[in-house]
Amino acid sequence: MQQRARSSWRLILTFMALEMLLWREVRAQIRYSLSEEQKEGSVVGNLAKDLGLDTRTLKERGFRIVSTSGDSLFTVNDGILSVNGKLDREEVCERSSSCVISLKIALENPLEIHYVSIEILDVNDHAPTFSEKEKRLEIWESALPGARYQLQAARDPDGGMNSVQQYKLSHNDNFRIEVKDRGEDRKMPFLILQKPLDRETSSRHKLVLTALDGGRPPKSGTMDIVVDVLDVNDNMPVFTQELYSVTLQENVPVGTTVIQVNATDMDDGPNGEIFYSFGKDIEDSLKQLFDLNSSTGEMTVIGPIDFEEMNNFEIDIQASDKGPVPLTSDKSITIKIVDVNDNVPEIEVTSFSSVVPEDSKIGTTVALISVSDLDSGVNGKVLCYITEEIPFRLTASSQDNIYALVTASSLDRETVPHYDITLVAKDAGQPPLSSVKTITVQVLDVNDNSPEFSLSPYAFYVMENNIPGKSLFSVSASDHDLDENAIVHYNIWRDTGDENKYVSFININSENGEIYALKSFDFETVKMFQFHVVATDSGTPSLSSNVTVNVFILDQNDNVPVILYPVSANGSAEGVEEIPRNVNAGHLVTKVRAYDADIGYNGWLLFSLQEVSDHILFSLDRYTGQIRTLRSFTETDEAQHKLLILVKDNGNVSLSATATVIVKVVEPKEAFAASDVKNTVKDEEENNLTFYLIITLGSVSVLFVISIIVLIVMQCSKSTDSKYLQDTNYDGTLCHSIQYRSGDKRYMLVGPRMSIGSTIVPGSNGNTLVIPDRRRTDSGESTLKVRP
């Protein structure tokens, strides 16, 4: 037997050699189709007849199978090709979509070679099966419709339409089934929640999942699904990205990070802690290539990645929380494997200027860049470019792979003081490789910014009687430039035609903007004045700006009340009043009149009796100064009474004056003749004074109403003009008041404890007095003129 076998192999080798030396044209290419599951001896076809051979000479010519991909499955007897044993397509071709077995038939004397292809047709001889008979799911009752739950896919060894084609779910109101096609006859079922669950109504749902193949009739397999509805942990993890896709080079080192997924869970504690895992349907071969960190979601390489073996992967991952019944979200990661281009381009900066003035012209050269690649051909052709949107560009030179970095637009150091320019060199290989180099260009400052005041206009409030030489307030300006270009000096604009004499009493520290007064201010003389401050930087040429400063003088209680009546002939505050003895209670004896040059509470006068001979006989109105009788006179009352009246203002430290009134009580007959003329004159004076007082009060009221209307109009028009209003009429006893308006704020000073702010900042710069150009020097500097 061994000798025959050796002889047979020698003949085969001889035939193969002869075939190569003496090649003859193949007479025919025969193709047969055969269903699987054929019994042993089943005839495939009559080769002798199909090849047109004489069956009588077959044995003499050595008609036999000399080469086959499945020679043990077939045999040839008397020109008939038949099945040798049971033919199972799933064993022969596994899950291939097409199953073809090739045979080589040889004849000797003369030598002929014929090729026979036998296609094994699939028969639906397997039913779909699930790896587990029962699937238990725990779903929170707060799960939202649309929640997806991956199920175990059914397996069917058959191919094509005889594999698993669809899934059906038993009738229910809460769930439906959704199938995701993965290709290669793989269909992944997902259980989709379409109606919210209610644990109190039904705590368990029993479903039946049926997998059907495409045979006729179809075969099926089932799996029981038990869904337990839970009452806690109602938020499932949510991935931060809708799609995860990454490109990975082949032959990357073990431990390389592929991608890091991230999911969030709105729950607290363990219900919000997330761990990651591969999907339940992932193949074991993928688990040998990739590892997923359950805590961080980082996927790393743990095995060799070969582009020629597999150029892309689709991997299912799950994010689950650590609640008592974990909730799970699934996501697919697409990994594309790219081939390797061996050499990375190199970038070399041959000439570089790291500092560029911000007023450089467009097209100024900053650096010369050369790029190179050790590869040849297409892989050695390199393109260099800048990725960022910056005011620089790369221009190619006449020499290959040489570029010039030039300015593409205007520079502004105050906006961007420096640029980190990223240069990218990319070759033309497939896939291309690139390298990156970053160079830093500093922008040199030039004096292109004028000083800017922190406020415009300024409004300051200064108390009168200030100390000369003491700082009152300060202004401040800043310059966005650097070094000398940012050093600011201050001065007060003094125009020769300026009629504001108070500007000459103001001085400023040129270094820090502190403003001093060379004299004390008197509120009773001046209420408000205005001047302008110019800030100039130290650049060449220098730049400047101006601002308007409004100064409001505040009143102090520095004026003593002045007695207007009574006044004696020698000028002292003393008077004599005669009244009949028969006057009734409430009779007006006289009225003490006084005034105070201050305003507000400082000018609000109060009257009080300091000395009186009989306290139960006379009364004094503390607001009007009127002296009246409290009762009728009796025979026992004295004929002469002395009243000492104190008049004081309402300042924090009040000032006062005194007046003396001597009241003589006379008999009616004696007083009648003497007092007729006097009373007539006095009554006339009283009437005139009353008339003037009414006129004054009316004028004050009208002015007050007008002031309120003006303030309302200014408020509505959003004007920021500051106004200082003072009552113009004063009768000696009424309180003065001052109303201030600054921007959107209004102030009325009416009392001794009024709040005095050192600075009140208006809401806009509408009060700034513009200092226009009056003339220009040859150097382009502006000479300013204050326009009052």
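A residue counts as exposed when its relative accessible area is over 50%, and as buried when that area is under 20%. Keep those cut-offs in mind, because D483, at 64%, lands on the exposed side. What you're looking at is a predicted model. Here's a quick tour of its largest nonpolar core, a well-enclosed strand called β22, two open sheets, and a handful of backbone oddities.

**The largest nonpolar core**

- The largest nonpolar core is made up of 28 residues.
- If you want to find the middle of the action, look for F453, V475, Y490, F531, V533 and V549, which have the most contacts inside this core.
- Several strands chip in with at least two residues each: β33 (458-463), β36 (488-492), β37 (506-508), β38 (514-517), β39 (528-537) and β40 (544-554).
- As a general rule, nonpolar side chains in soluble globular proteins tend to be buried together.
- V533 makes a handy landmark: setting aside neighbours within four places in sequence, V533 touches F453, V475, Y490 and V549, which are also on the list of residues with the most contacts inside the core.
- The other contacts of V533, again beyond four places in sequence, are N491, I508, I515, S545, N546 and V547.

**Strand β22 and its partners**

- Strand β22 covers residues 312-321, and eight of its 10 residues are buried, so the rest of the structure largely encloses this strand.
- One partner is strand β19 (residues 274-278), which runs antiparallel to β22 and is joined to it by five bridges.
- Within that pairing, F278 sits opposite I317 of β22.
- The other pairing to look at is with strand β23 (residues 328-338), also antiparallel, this time over nine bridges.
- There, E314 has T334 in β23 as its bridge partner.
- β22 and β23 are linked by a hairpin, with six residues making the connection.

**A closer look at S320**

- S320 belongs to strand β22.
- Its relative accessible area is just 4%, so S320 counts as buried.
- The side chain of S320 makes a polar contact with the side chain of T328, at 2.8 Å.
- Leaving out neighbours within four places in sequence, S320 is also in contact with P237, E273, I274, F275, P326 and L327.

**A four-stranded open sheet**

- Four strands line up in the order β25-β31-β30-β27, with mixed pairing.
- The edges are β25 (355-357) and β27 (382-386); each has a single partner strand, so one side of each has no neighbour in the sheet.
- From one strand to the next, the twist averages 30°.
- β25 pairs with strand β31 (residues 434-444) in the parallel sense, over three bridges.
- In that pair, P357 stands opposite L444 of β31.

**A three-stranded open sheet**

- This one has the order β43-β47-β46, and its pairing is antiparallel.
- β43 (588-591) and β46 (618-620) are the edge strands, each pairing on one side only.
- The twist here averages 20° from strand to strand.
- Three bridges hold β43 and strand β47 (residues 626-629) in an antiparallel pair.
- One match to look for is L588, whose bridge partner in β47 is R628.

**Backbone oddities**

- Most peptide bonds are trans, and most residues other than glycine have a negative phi.
- The bond joining T540 and P541 is cis, with omega at about -5°, and P541 falls in the loop between β39 and β40.
- Another cis bond runs from Y565 to P566, with omega near 5°; P566 is in the loop between β41 (562-565) and β42 (574-580).
- N401 isn't a glycine, yet its phi is positive, at about 65°.
- You'll find N401 in the loop between β28 (392-396) and β29 (402-407), where it counts as partly exposed at 27% relative accessibility.
- D483 is another residue other than glycine with a positive phi, near 55°.
- D483 is in the loop between β35 (477-478) and β36.

**One more spot: V666**

- V666 is part of strand β49 (residues 656-666), and it is buried, with a relative accessible area of 17%.
- V666 and N582 are 84 residues apart in sequence, while in space their C-alpha atoms are 9.0 Å apart.

Methods. Residues are numbered from 1 along each chain as its sequence is written. This is a predicted model: local features need pLDDT of at least 70, side-chain atom pairs count only at pLDDT 80 or more; totals for chains, interfaces and linings use all residues. Side-chain values use heavy atoms; hydrogens and water are left out. A nonpolar core is a set of buried Ala, Val, Leu, Ile, Met, Phe, Trp, Tyr and Cys residues joined through side-chain atoms within 4.5 Å. Buried means under 20% relative accessible area, exposed over 50%, partly exposed in between (1.4 Å probe, protein chains only). Contact means heavy atoms within 4.5 Å. A polar contact is a pair of N or O atoms within 3.5 Å; within protein, one must be able to donate a hydrogen and the other to accept it, and residues adjacent in sequence count only if both atoms are side-chain atoms. Two strands pair if DSSP finds at least two bridges between them. Axes are lines fitted to C-alpha atoms, for helices over the stretch in contact, and angles run from 0 to 180 degrees between N-to-C directions.
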